[in-house]
Amino acid sequence: MFFFLLNYKKDTNNVNCLLYLAKSFEKLNEHPKAIITVKKACMLDPENGNLFYYLGKLLYKNNIYDSALEKLSKAIKLNPLDGKSLIYLSLCKVKNPNTKCDIDEIKHIVDKGLNLLSNDIKFQRLGRFLIAEEMEKENRFNEAIEAYERIFKYLGNDQLAVLNKIGQLYLKTKDFSNALSTYLKVFQLDQKNNEVVLQIAVLFSFMGKFNDSLKFFKYSIEIDPMNSHSLVMISRIYRDKYRMLESALEHLQKALSFHRSPLIMYEVYLSDCFNFL
């Protein structure tokens, strides 16, 4: 840093020193100074696409979307193979309230940028997440799933969150088989996540696999012994599918000991009625 500052003092129009100084300001969260500094560099070297990319990225991060779009467009004009500028241009188009956003146009730009950055994990994640989130907003769930699945190999600790999202999207498309297989993958990675365990239990029940459903509802109770919802669901399966009324009532009594809700009281009433049938 001392070397750049020394050269900058000797020549305040040194573009490389200005760029280094701007990045130093950015690291210190002094973004206005960083923007002013890189703007000066752009004026001194108006044919340098890298400078306009960096300025556009800074403006985007500071929510100055109109100017960011202008600078990123200039960067792409100077260097049509600048994949990073293409990705940030797409982000600006999505975030900018003054820009009418067409999701297919965004996808085209992102795909072009990602093809140029095939080995850049950071931008692969950034671009695929952008496409997935925008497709989901447009209720184009299958395309959102595809985008999330394509990003999966670039993930580390975020795999669980993305698998959960894919499972939710499969549910929205009523593809219960793929939803179940996705949640089972989540379960393999996080066996103490009770929400996932319950989702698996419900899906097994919905698909008529009641033994598997019971197994996961019971495992849910091992995780949380006071889980009244699982106790009620177990009682329903025993009562409605196996006609095991004593087991059904036993689980309802446990649920009542934790939470005397109208729903549980009604379930007890139904089970009592079954005894007379």
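**Loops, helices and charged contacts**

Arg-243 sits in the loop that runs between helix 14 (228-241) and helix 15 (245-258), helices being DSSP runs of H or I with at least four residues, numbered from the N terminus. The model is predicted, so local features are reported only at pLDDT of at least 70 and side-chain atom pairs only at pLDDT 80 or more, while totals for chains, interfaces and linings use all residues. Residues are numbered from 1 along each chain as its sequence is written, and side-chain values rest on heavy atoms, with hydrogens and water left out.

Although Arg-243 is not a glycine, its phi is positive, at about 55 degrees. Most residues other than glycine have a negative phi. Arg-243 counts as exposed because its relative accessibility is 52%; the cut-offs are over 50% for exposed, under 20% for buried and in between for partly exposed (1.4 Å probe, protein chains only). A second non-glycine residue with positive phi is Asn-139, whose value is near 60 degrees. Asn-139 belongs to the loop between helix 8 (121-137) and helix 9 (141-151), and a relative accessibility of 54% makes this residue exposed as well.

Two helices, 4 and 6, deserve a closer look. Helix 6 covers residues 83-95, 13 in number, and spans 19 Å from its first C-alpha to its last, close to the 18 Å expected at 1.5 Å a residue; the expectation is 1.5 Å times one less than the number of residues. Of these 13 residues, 11 are buried, and the helix is thus mostly covered. The buried set is made up of Gly-83, Ser-85, Leu-86, Ile-87, Tyr-88, Leu-89, Ser-90, Leu-91, Cys-92, Lys-93 and Val-94. Ile-87, a member of helix 6, has a relative accessibility of 0% and therefore counts as buried. The C-alpha atom of Ile-87 lies 7.9 Å from that of Leu-126, a residue 39 positions apart from Ile-87 along the chain. Leu-89, also found in helix 6, is buried because its relative accessibility is 9%. Its C-alpha is 8.3 Å from that of Ile-109, with the two positions 20 residues apart in sequence numbering.

Helix 4 likewise has 13 residues, and the distance between its first and last C-alpha atoms is 18 Å, close to the expected 18 Å. Because 11 of its 13 residues are buried, helix 4 is largely enclosed by the rest of the structure. Among the buried residues of helix 4 are the aromatic side chains Phe-52, Tyr-53, Tyr-54 and Tyr-60, together with Gly-49, Gly-56 and Lys-57.

The charged contacts come next. The model holds 12 salt bridges, each defined as a side-chain nitrogen of Lys or Arg within 4 Å of a carboxyl oxygen of Asp or Glu. In one of them, Lys-61 pairs with Glu-26, with 3.8 Å between the closest N and O atoms. This pair joins distant parts of the chain, since Lys-61 is in helix 4 (residues 49-61) and Glu-26 in helix 2, 35 residues apart. Lys-61 is partly exposed because its relative accessibility is 39%, whereas Glu-26 is buried at 17%.

Lys-172 and Glu-136 form another salt bridge, with the closest N and O atoms 3.3 Å apart. Here too distant parts of the chain are linked: Lys-172 belongs to helix 10 (residues 159-172) and Glu-136 to helix 8, and the two are 36 residues apart. Lys-172 counts as partly exposed at 45% relative accessibility, while Glu-136 counts as buried at 16%. The side chains of Lys-33 and Glu-30 also meet in a salt bridge, at 3.1 Å from N to O. Both partners are partly exposed, Lys-33 at 45% relative accessibility and Glu-30 at 28%. In addition, salt bridges connect Asp-104, Arg-140 and Glu-143 in a network.

Finally, Lys-23, Lys-27, Lys-84 and Lys-122 make up a positive surface patch. Patch members have over 30% relative accessible area and no salt bridge, with like charges joined within 9 Å and nonpolar side chains (Val, Leu, Ile, Met, Phe, Trp, Tyr) within 5 Å. Lys and Arg count as positive, Asp and Glu as negative, and His and the chain ends are not counted; a charge is placed at NZ of Lys, CZ of Arg, CG of Asp or CD of Glu. Areas follow the Shrake-Rupley method with a 1.4 Å probe, only the protein chains shown counting as cover. Lys-27 is part of helix 2 (residues 15-27) and counts as exposed because its relative accessibility is 76%.
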